[in-house]
Amino acid sequence: MIVEINYLPQWIPEQMSPGTVFVLDNPGESGDAADPFWAVLACPSCATIGLITRNQMVGILPVICGSDQCSGQFFIRGDSLVSRPVS
Ligand SMILES: [Zn+2]
């Protein structure tokens with residue numbers, strides 16, 4: 001599954017549909033200094049909203065959905081979300 005990312009220019013929770021990313025107002029200022037929080041992403045499968053880090057944003061680390069009902073794992077590749085093959 002490949003989903004094109006929809007970037008929100010400002011934080012409007014009602015518009016966080018699946019596959020939407022909102023880059024934080026001050027990215028990199030909170031979380032782990034080595035891999036700080038960078039954006040908010042709505043899972044492309046279930047729309048659960050979660051914080052993602054800089055390394056997830058650039059595709060080094062996979063994004064894992066925080067919902068108990070969803071096993072979504074995917075990588076951010078440019079402007080797309082690409083499912084991670086389940087091994
Ligand atoms: Zn999900």
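# Exercises on a zinc-binding chain

In this predicted model, strands E8 and E9 are paired antiparallel, with 4 bridges between them. The exercises below begin from that pair and move outward to the sheet, the metal site, the helix and the chain as a whole.

## Exercise 1: The hairpin of E8 and E9 and its sheet

Determine which residue of E9 is the bridge partner of Phe-75, how many residues separate the two strands of the hairpin, and in what order the strands of the open sheet are arranged.

**Solution.** Begin with the register: Phe-75 has Val-82 of E9 as its bridge partner. Next, follow the chain through the turn, where 2 residues lie between the strands and Gly-78 adopts a positive phi near 65°. Then extend the view to the sheet, an open arrangement of 4 strands in the order E1-E9-E8-E7 with antiparallel pairing. Its edges are strand E1 (2-4) and E7, each of which pairs on one side only. Finally, inspect the pairing of E7 with E8, which is antiparallel and rests on 2 bridges; here Val-63 has Phe-74 of E8 as its bridge partner. As background, strands of a sheet pair through backbone hydrogen bonds, either parallel or antiparallel.

## Exercise 2: The hairpin of E5 and E6

Establish how many bridges join E5 to E6, and describe the backbone and the exposure of Ala-47 in the loop between them.

**Solution.** Count the bridges: E5 and E6 run antiparallel and are joined by 5 of them. For the register, note that Leu-41 stands opposite Gly-50 in E6. The two strands form a hairpin with 6 residues between them, and Ala-47 is located in this loop. The phi of Ala-47 is near 70°, which is a positive value in a residue other than glycine. As to exposure, the relative accessible area of Ala-47 is 26%, so this residue falls in the partly exposed class, between the limits of 20% and 50%.

## Exercise 3: The zinc site

Identify which residues coordinate the zinc ion, classify the geometry of the site from the angles among its donor atoms, and explain which parts of the chain Cys-43 and Cys-70 tie together.

**Solution.** First list the donors: the SG atoms of Cys-43, Cys-46, Cys-65 and Cys-70 coordinate the zinc ion at 2.3 Å. Then take the angles among the 4 donor atoms, which run from 101 to 116°. Four donors count as tetrahedral if all angles lie between 85 and 135 degrees, and the site of the zinc ion is accordingly classed as tetrahedral. For comparison, the ideal angle for four tetrahedral donors is 109.5 degrees. Along the chain, the donors of the zinc ion follow the spacing C-x2-C-x18-C-x4-C. Since Cys-43 belongs to the loop between strand E5 (35-42) and strand E6 (49-53), while Cys-70 belongs to the loop between strand E7 (63-64) and strand E8 (73-77), the pair ties together parts that are 27 residues apart in sequence. For the accessibility of these two residues, Cys-43 is buried at a relative accessible area of 1%, and Cys-70 likewise counts as buried, at 15%.

## Exercise 4: Met-57 and Pro-85

Decide whether Met-57 is buried or exposed, place Pro-85 relative to strand E9 (80-83), and decide whether Pro-85 is buried or exposed.

**Solution.** Locate Met-57 in helix H1 (residues 54-57). Its relative accessibility is 16%, so Met-57 counts as buried. Leaving aside residues up to four places away in sequence, Met-57 touches Tyr-7, Val-21, Val-23, Trp-38, Ala-39, Ile-52 and Ile-76. Turning to Pro-85, this residue lies in the segment after strand E9 (80-83), and its relative accessibility of 68% places Pro-85 among exposed residues. Pro-85 and Leu-41 are 44 residues apart in sequence, with 20 Å between their C-alpha atoms.

## Exercise 5: The whole chain

State which secondary structure elements the chain contains, and explain what its radius of gyration shows against the rule for a compact globule.

**Solution.** Begin with the inventory, which comes to 1 helix and 9 strands, running β-β-β-β-β-β-α-β-β-β from the N terminus. Next, compare dimensions: a compact globule of 87 residues would have a radius of gyration near 12 Å, and because the chain has 12 Å, the two agree. The C-alpha trace spans about 35 × 30 × 25 Å along its principal axes. Lastly, 38% of the 87 residues count as buried, while the chain exposes about 5,200 Å², of which carbon and sulfur atoms supply 51%.

Conventions:
Residues are numbered from 1 along each chain as its sequence is written. This is a predicted model: local features need pLDDT of at least 70, side-chain atom pairs count only at pLDDT 80 or more; totals for chains, interfaces and linings use all residues. Side-chain values use heavy atoms; hydrogens and water are left out. Donors are N, O and S atoms within 2.8 Å of the metal (3.2 Å for Na, K and Ca); water is not among the atoms, so sites may look incomplete. Four donors count as tetrahedral if all angles lie between 85 and 135 degrees; four count as square planar and six as octahedral if opposite donors are over 155 degrees apart and all others between 65 and 115; anything else is irregular. Buried means under 20% relative accessible area, exposed over 50%, partly exposed in between (1.4 Å probe, protein chains only). The radius of gyration is taken over C-alpha atoms; the globule rule is 2.2 Å times the number of residues to the power 0.38. Accessible areas come from the Shrake-Rupley method with a 1.4 Å probe; for residues, only the protein chains shown count as cover. Two strands pair if DSSP finds at least two bridges between them. Contact means heavy atoms within 4.5 Å.
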